[in-house]
Every structure is written in C-alpha cells, then in structure tokens.
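Hi everyone, thanks for making time. Could you have a look at the model on the screen while I talk?

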Amino acid sequence: MKVAVQVTCINDAMFPDTGKAVFTLLRRLGVEADFPVAQTCCAQPMVNTGYLDEAVPVVRNFVDAFAGYDAIVTPSGSCAGSVRHQHSIVARRSGDSRLQEAVAETSPKVYELTEFLVDVLGVTDVGAYFPHRVTYHPTCHSLRMLGVGDRPLRLLREVRGLDLVELPAADECCGFGGTFAVKNAETSTAMGADKARHVLDTGAEVLVAGDNSCLLHIGGLLSRQRTGVRVMHLAEVLAGTEDA
C-alpha cells in the first residue's frame with residue numbers, strides 16, 4: 001500500500017511534534033509513509049468563509065500532490081472532512097471536468113488517523129504506553145462530518161498505563177470553529193469555558209483530541225486559568241512507548 005501523510009497547516013506551523021508522531025506511529029506499525037513536499041492547505045479556511053473560487057487552485061494543488069497514493073492519512077478530522085466533503089463542491093463550481101475527476105479519485109482515499117488505524121490497518125492496540133489520567137474531546141468534524149464514532153476511544157483504551165475518564169457533555173462543540181472564533185469571539189470564549197470546566201470536572205491530567213485547532217482553543221483557556229492540565233494530540237499519545 002502506498003501511503004502519504006497530510007500533516008495539515010496548523011501542525012506544520014505550530015505543532016510539528018504531531019506530524020512527527022504520526023510517522024513514528026505508522027513506522028512502528030510497518031507502514032512506510034511518504035510526505036509529499038508539494039502539499040499545502042486543504043482549502044478549508046477559504047471554503048468556510050465563502051471564497052470557493054479562490055479555493056480552486058488550492059484544491060488542484062492537493063489532488064496533484066497526493067495523486068497516485070492508495071491512502072492519505074491526516075491527524076485532523078477537520079481537514080479530512082474538508083477534503084472528503086468540500087473538495088467536490090469546489091471542483092463542481094469550477095466547471096473543470098478534469099479537476100472533478102481528480103477530486104473524485106483522491107478524496108475517498110483520505111482518512112483521519114483513527115479511521116486509518118482501525119479500519120484500514122485493523123488495529124486498536126498500537127503498542128503505546130502513556131501512564132496518565134486522560135480525558136478525550138471528540139472534535140465536531142470528526143464526530144459529525146466523518147462519524148469516527150468510538151475509534152479514538154478504542155485506541156486509547158488499549159494504551160498501557162492510561163487511565164481514561166469520560167468527559168461530561170463530550171459531544172458539545174468547544175467553540176473554536178476556525179473563523180467562528182474570530183467573528184464570534186464572545187460566544188466562542190463562552191463555549192470554550194464550558195468545555196474547560198467539564199475537563200476540570202474529570203480530574204484528568206491531560207486532555208486529548210484529534211485536532212490541534214480545538215486543543216489550541218481549549219488549551220489556551222486551561223492555561224490562562226493555570227489549571228495545570230495539559231493538552232495533547234492523540235497521535236502523540238499513541239506514539240509513546242515505555243522506551244521513549
């Protein structure tokens with residue numbers, strides 16, 4: 001199987017350890033994945049703010065960069081959701097039949113990390129070790145757009161040493177929503193404060209999620225309250241071992 005990793009913009013710019021963790025994890029499971037250097041943004045910020053025409057060259061670059069792969073793995077439900085559900089909208093609007101064909105070929109091959117691990121590789125025990133009390137936030141796009149369900153929880157339950165505690169009101173949005181946090185700052189902050197309070201109610205040491213954008217938002221609130229609760233991408237937890 002020829003596999004590529006879409007690291008995502010936010011991870012490339014702000015959370016490089018998440019991208020490194022994905023490669024560490026995949027290699028441990030016997031998958032030698034590629035990193036296509038031509039990859040850029042998935043176009044989600046433009047699409048979500050209504051700039052569909054401006055998103056066309058970004059979508060075109062995506063399908064060119066990831067052409068020929070059997071699977072494209074990304075540590076982001078948000079970006080996976082964008083590719084699988086928004087690229088076809090952009091391609092149809094462009095009127096470019098070749099782009100529409102390329103999107104139809106590429107988009108179904110994009111997997112959020114836990115989908116790839118559980119559904120494609122068929123594993124839930126990835127050999128991880130993480131001796132901490134953890135709670136998990138299911139991000140909106142992974143929960144609603146992709147329907148990843150309990151895949152992340154199944155993976156976390158197999159991590160040695162990990163004490164997984166349920167997050168109250170887990171399916172409620174954290175309030176980030178990309179540009180929503182900019183355009184509706186007060187509402188976003190109030191939603192994030194609710195989520196942070198629920199995290200603290202669990203007594204967890206670490207909040208885990210599959211999207212660093214959400215963790216950036218919640219983690220900022222937890223940090224400003226000096227709670228001592230860390231936030232960590234799921235890939236980094238799964239990449240950990242007793243030897244690390």
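I'll go through the pocket, a few helices, two buried residues and the cysteines.

Before anything else, keep in mind that this is a predicted model.

Okay, the pocket. The largest pocket holds about 570 Å³ of space. Which helices give two or more residues to its lining? Those are α1 (9-14), α3 (44-48), α5 (77-85), α9 (140-146) and α13 (212-224). The biggest share comes from α13, with four residues. Altogether, 28 residues line the largest pocket. If you want to find its centre, look for Gln44, Ser78, Phe176, Gly178 and Ser213, which lie nearest to it. As for the character of that lining, twelve residues are nonpolar, 15 are polar and one is charged.

Now stay with α5, since we just met it at the pocket. Seven of its nine residues are buried, so α5 is largely enclosed by the rest of the structure. The buried ones are Gly77, Ser78, Cys79, Ala80, Gly81, Ser82 and Val83. What do they pack against? Quite a list: α3, α4 (52-65), β2 (71-74), α6, β3 (110-112) and α9. There's also a nice detail at the start of α5, where a side-chain oxygen of Ser76 comes to within 3.3 Å of the backbone nitrogen of Ser78.

One of the contacts of Ser82 takes us over to His87. His87 sits in helix α6, which covers residues 87-94. Is His87 buried or exposed? It's buried, because its relative accessibility is 1%. Setting aside neighbours within four places in sequence, His87 touches Cys42, Val59, Phe62, Ser82, Val103 and Ser107.

That brings up cysteines. How many disulfides are there? The count is zero. Let's see why, with two pairs. Cys79 has its closest cysteine sulfur in Cys42, but the two sulfurs are 3.9 Å apart, so that's too far for a bond. For a disulfide, they would have to be within 2.5 Å. Then there's Cys214, whose closest cysteine sulfur is in Cys174 at 4.0 Å, so again too far for a bond. Cys79 is buried, with 12% relative accessible area, and Cys214 is buried too, at 10%.

Next, please find Thr18, in helix α2 (residues 16-28). Thr18 has 0% relative accessibility, so it counts as buried. What does Thr18 contact, once neighbours within four places in sequence are left aside? The answer is Asn11, Pro75, Asn212, His233, Ala235 and Glu236. With Glu236 there's a polar contact, side chain to side chain, of 2.8 Å. And here's a good one for seeing how a chain folds back: Thr18 and Ala239 are 221 residues apart in sequence, yet their C-alphas are 9.4 Å apart in space.

Last stop, helix α8, residues 113-120. Six of its eight residues are buried, which leaves the helix mostly covered. Those six are Leu113, Thr114, Glu115, Phe116, Leu117 and Val118. Just past α8 you'll find Gly122, with a positive phi of about 70°.

That's my tour, happy to take questions.

Definitions and conventions
Residues numbered from 1 in each chain as written. Predicted model: local features only at pLDDT ≥ 70, side-chain atom pairs only at ≥ 80, totals over all residues. Heavy atoms only, no water. Buried < 20%, exposed > 50% of the residue type's maximum accessible area, 1.4 Å probe, protein only. Contact = heavy atoms within 4.5 Å. 1 Å grid on protein atoms, 1.4 Å probe; cavity = no way out; pocket = protein on both sides within 12 Å on 5 of 7 lines; lining within 4 Å. Points joined across faces, edges and corners; volume = space filled by probe spheres on them. Nonpolar A, V, L, I, M, F, W, Y, C, P; charged D, E, K, R; others polar. Polar contact = N/O pair within 3.5 Å; in protein donor to acceptor, adjacent residues only side chain to side chain.
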